[in-house]
Each structure stands twice: as structure tokens, then as C-alpha cells.
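Got your viewer open? Load the model below, colour it by secondary structure, and let's walk through it one selection at a time.

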Amino acid sequence: MDIEALEREGDIAADYIEGLLDIADFDGDIDMDVQGDRAMVSIVGGTLDELIGDNGEVLEALQELTRLAVHRTTGSRSKLMLDIAGFREQKRTSLAQIGHKTVTEVNNTGKAVSLEPMTPFERKVVHDVVAAAGLRSESEGEEPNRYVVVYPAE
């Protein structure tokens with residue numbers, strides 16, 4: 001997808017989120033960016049914990065609603081990523097640490113390691129860390145209990 005199309009997705013998402021914030025009477029500024037092959041929309045400022053929820057459940061739901069709004073307008077499936085108050089960035093950092101720790105454990109023991117169930121976003125972060133370390137990982141199980149298994153190098 002080209003940059004202009006991704007920027008359009010971001011603009012549609014930002015307008016949709018702005019409407020939701022107004023309806024729910026939340027204060028927050030919206031930042032839009034393009035990273036790689038996806039639009040990134042962030043809500044910053046104000047007290048936004050209620051929009052994140054426990055372990056990001058509300059954030060995940062808002063992201064799906066926003067993707068649906070973009071799809072309704074563009075007719076194309078969106079890989080848009082929504083972040084609120086830096087939650088995803090902080091989560092990405094802690095997940096990368098889990099990924100590195102797991103890679104070390106697998107390398108030291110030579111045995112596969114299964115992690116706790118994770119959201120698709122969380123699993124993607126771990127898969128990326130494992131692949132960068134030269135190991136293989138797979139997602140197993142059914143949502144919402146889908147988890148990552150890290151395998152030793154062959």
C-alpha cells in the first residue's frame with residue numbers, strides 16, 4: 001500500500017477516534033504517522049486509562065472498531081495500529097524483553113518454550129524478536145488462549 005493510502009487511513013481513523021472522544025467526553029490529542037506498511041494513530045494527553053482497560057482490552061476493541069470504520073470508508077482491510085498514552089510502546093518494550101529472555105532460555109536448554117497466551121499484537125512482537133535471534137516460533141492454540149512456542153535452532 002502506498003504512503004498516500006496509509007495517510008488517508010490515518011486521517012479517517014483520526015476523525016473517527018475524535019468523534020468517539022467527543023461522545024465519551026474524553027480529552028486527548030491525536031497523532032498520526034505511517035510506519036512501514038501501516039498507519040499509526042496515537043491518542044495522547046488527558047486521563048486515558050479507561051480507554052486502555054485491563055491489559056489493553058478496551059484499546060484492542062477500539063482498534064478493531066477504528067479498523068472497521070476505515071474499511072467502511074475505503075473498502076479495504078486496514079492494518080492500522082492504535083496506541084493510547086504510549087501503552088503499546090511500553091508493552092512492546094516489555095514483550096521484547098520476554099522474547100530475548102526466552103531466546104536465551106531456549107539456546108541454553110535446547111528445549112522449546114511455550115509462553116502465556118497473548119493478543120495478536122503481543123505475539124507479533126515476540127515472533128519478530130525470536131526471528132531476529134535466528135530461532136523459530138509458532139503460534140498455537142485458539143483465541144483468546146493463543147500463545148507462542150519458541151523452538152531451538154535446527
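Start with the contacts across the whole chain: of those between residues at least 6 apart in sequence, 56% join residues at least 24 apart, where contact means heavy atoms within 4.5 Å. Keep in mind that this is a predicted model, where local features need pLDDT of at least 70 and side-chain atom pairs count only at pLDDT 80 or more, while totals for chains, interfaces and linings use all residues. For your selections, residues are numbered from 1 along each chain as its sequence is written, and side-chain values use heavy atoms, with hydrogens and water left out.

Zoom out for a moment. The C-alpha atoms fill a box of roughly 55 × 35 × 25 Å along the principal axes. Five helices and six strands make up the secondary structure; these are DSSP runs numbered from the N terminus, with helices being H or I of at least four residues and strands E of at least two. Along the sequence they read α-β-β-α-α-β-α-β-α-β-β. Of the 154 residues, 39% are buried, meaning under 20% relative accessible area with a 1.4 Å probe and protein chains only.

**Select 29-44: the first hairpin**

Strand β1 (residues 29-35) runs antiparallel to β2, and seven bridges join them. (Two strands pair if DSSP finds at least two bridges between them.) Click D29 and look across to V44, its bridge partner in β2. Two residues lie between the strands of this hairpin, and G36 in the turn has a positive phi of about 65°.

**Select 57-74: helix α3**

Put a distance label on the end C-alpha atoms of α3: they are 26 Å apart, which agrees with the 26 Å that its 18 residues should span at 1.5 Å a residue. That expected span is 1.5 Å times one less than the number of residues. Now show the buried side chains, L59, E60, L62, Q63, T66, R67, A69 and V70. What do they pack against? You'll find α1 (3-24), β2 (38-44), α2 (49-52), β3 (81-84), α4 (87-109) and α5 (120-132). Just after the helix comes G75, with a positive phi near 80°.

**Select 113-117, 136-140 and 147-151: the open sheet**

These strands line up in the order β4-β6-β5, with antiparallel pairing. β4 (113-117) and β5 (136-140) are at the edges with a single partner strand each, so one side of each has no neighbour in the sheet. β6, in contrast, has four of its five residues buried, so the rest of the structure largely encloses it.

Three bridges connect β4 and β6 (residues 147-151). Click P117 to find its bridge partner Y147, then V113, which stands opposite V150. On the other side, five bridges link β5 to β6, and E140 stands opposite Y147. In the hairpin of β5 and β6, six residues separate the strands and G141 takes a positive phi near 90°.

**Last stop: charges over rings**

Show the side chains of R88 and F121: the charged end of R88 sits over the ring, 4.8 Å from its centre. Then try R136, which lies over the face of Y151 at 4.2 Å from the ring centre. The rule here asks for NZ of Lys or CZ of Arg within 6 Å of the ring centre and within 35 degrees of the ring normal.

Conventions:
Buried means under 20% relative accessible area, exposed over 50%, partly exposed in between (1.4 Å probe, protein chains only).
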